[in-house]
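Reader: Before I rely on any label in this protein, I would like to hear the reasoning behind it. Could you take me through the labels one at a time?

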Amino acid sequence: RAINEHAISLINYHCGLQRLDPADFSSLDLEIRKILIGHKVHLRPGCGERLYLPRTEMGRGLQNVEMRSEMMLLQLHTTLEGSRNFSTRRAVILQKEEEARTHLALIHSYLEIKYGLENVTLKGLGAAQKELLYNEINKKYSHSKLYRSRSNQLVSMEDSSIWMKYGNNRPRLEANACYIQDRNVFWGTGPTRCQHCGDSRKTVDHLATRCARLLGHDYTRRHNEVVRCLHLHLLNKYKFRRSKRLRSHSVQEVVENDLAEIRVDTRIKTDILIKHNRPDIFVFDKKAGVITLIEVGITSQDQLNIVETEKKRKYDLLANELALLYKAKTRIIPYVMTWDGVVTKYHRSHVKEIGLPRNVEAYVQTLVLHKTLETISLEKRRSIDEDVDCHEAVSAAVDRLCENGDSQTALDK
């Protein structure tokens, strides 16, 4: 917002007055990206087109100078054309522009050719510009994976972008999170197979959710951090405490007061044997007479709908048994998202049932992204360190052999 209002907005005073061509506006965008890369607000392997998408669509909301100039020139030309019959001054200005065949005079035909529009309007131009950005993203193998969710009718792009719109992230942290979401990670000369399981190819998606060796470590820690956020919110909601400091918050298995009883990851005793009797969070609202079972899940885009459905049905038998034991209403809330923050359209209703405010939901999405970033970054650092140690060991061995005078043997080694 600061860049748009205080830096890029200066172009407003020059569009239509100075003789600038589309290449000039494009070069301005290139220079802006270079500055952002220099300050690590945008990383070079990241998706450049994503910079210019709105934040409600998982973009970063930066104004594109070239596209902004097209909108302004179209609006200026439309205004001059509409008033040339009763304003002599505007008619002369438009006539001079047409004689010189400037970019302003040819803006209609330029936009028709560039975007394939028959009738150019401001609303149609905005939609065409956004579609052009999406088309450019779809041409890139890694960058397009994040936006494949647009074709899924059950996915909500707006709810998946809450961390960008309502989050309080520093620009560099946001750049790193977007870099992981774009999946354009270079592993260098290291192994192409996963170093943990050795069964699958080493990719961002595999390391984020699919590696079986990381299930008991990184994935569990990420899952528990989300549970900790929800637990602190529930404690504040039912007046156990008034605290917003998540860093110092420790989860207790069972807490109870006059308003509610909250259990975290504890087995619930029932009259009959039930296999799934250990929900992530159990909440018994004593005043309302409602039992809420909250199940947290972090998965991939391919499994999002399946996991959310499974989490919803996993505790059906337990919910029925608890309704008889406590003589209360029961509900099951699946709190599921992908490792890159994508959620379904039903996620909003689940969040409302829990009572999470927007800023807390944005924090949870950011937390999931940062924990995934830590997992992949640590893996990358480990592989780099191993390559460096191996290279140093080989160099040291060659030096020792050369010192002994056996240079040919050293070269062979």
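**Reasons behind the labels**

Author: Let me begin with the cysteines: the structure, which is a predicted model, holds zero disulfides.

Reader: How do you know that cysteine 47 is not in a disulfide?

Author: A disulfide needs two cysteine sulfur atoms within 2.5 Å. For cysteine 47 the closest cysteine sulfur, that of cysteine 178, lies 9.6 Å away, and therefore too far for a bond. Seen from the other side, the sulfur of cysteine 178 has cysteine 47 as its closest cysteine partner, at 9.6 Å, so that no bond can be assigned there.

Reader: Are these residues buried or exposed, and what makes you say so for cysteine 47 and for cysteine 178?

Author: The label buried applies under 20% relative accessible area. Cysteine 47 has 3% and is therefore buried, and cysteine 178, with 4%, is buried as well.

Reader: Which residues line the largest cavity?

Author: Cys47 and Cys178 are both in that lining, together with His42, Leu43, Gly46, Arg50, Leu51, Arg60, Ala175, Tyr179 and Asp182. By class, this lining divides into six nonpolar, two polar and three charged residues. The space inside the largest cavity comes to about 70 Å³, and the structure holds four cavities of 30 Å³ or more.

Reader: What makes the other space a pocket, and what is the volume of the largest pocket?

Author: A cavity is a space that the probe cannot get out of, whereas a pocket is open. The largest pocket has a volume of about 780 Å³, and of its 21 lining residues, Lys244, Leu246, Asn359, Val360 and Tyr363 are the closest to its centre. Two or more lining residues come from each of the helices α10 (215-237) and α14 (358-403), and by class the lining has eight nonpolar, eight polar and five charged residues.

Reader: Why is leucine 53 called buried?

Author: Leucine 53 has a relative accessible area of 0%, so it counts as buried. This residue sits in the loop between α2 (22-38) and α3 (65-82). Leaving aside neighbours within four places in sequence, the contacts of leucine 53 are Gly59, Arg60, Gly61, Lys130, Leu133, Tyr134, Ile137 and Tyr147.

Reader: What is the phi of arginine 183, and what is that of lysine 239?

Author: Most residues other than glycine have a negative phi. Arginine 183, however, has a positive phi near 65°, in the loop between α8 (171-182) and α9 (204-210). Lysine 239, which is not a glycine either, has a positive phi of about 60° and is found in the loop between α10 and β2 (254-256). As to burial, arginine 183 has 8% relative accessibility and so counts as buried, while lysine 239, at 60%, is over the 50% cut-off and therefore counts as exposed.

Reader: How do you know which parts to read with caution, and which element has the lowest mean pLDDT?

Author: The protein averages a pLDDT of 87, and 90% of the residues score at least 70. Among the elements, helix α15 (residues 407-412) has the lowest mean, 43, and strand β7 (residues 343-344) the highest, 96. The pLDDT is below 50 over residues 383-399, a stretch that has six contacts in the model beyond near neighbours in sequence. Residues 401-413 likewise have a pLDDT below 50. Where pLDDT is low, the predicted coordinates should not be read in detail.

Notes. Residues numbered from 1 in each chain as written. Predicted model: local features only at pLDDT ≥ 70, side-chain atom pairs only at ≥ 80, totals over all residues. Heavy atoms only, no water. 1 Å grid on protein atoms, 1.4 Å probe; cavity = no way out; pocket = protein on both sides within 12 Å on 5 of 7 lines; lining within 4 Å. Points joined across faces, edges and corners; volume = space filled by probe spheres on them. Helix = DSSP H or I, 4+ residues; strand = E, 2+ residues; numbered from the N terminus. Nonpolar A, V, L, I, M, F, W, Y, C, P; charged D, E, K, R; others polar. pLDDT = per-residue confidence, 0-100. Contact = heavy atoms within 4.5 Å. Buried < 20%, exposed > 50% of the residue type's maximum accessible area, 1.4 Å probe, protein only.
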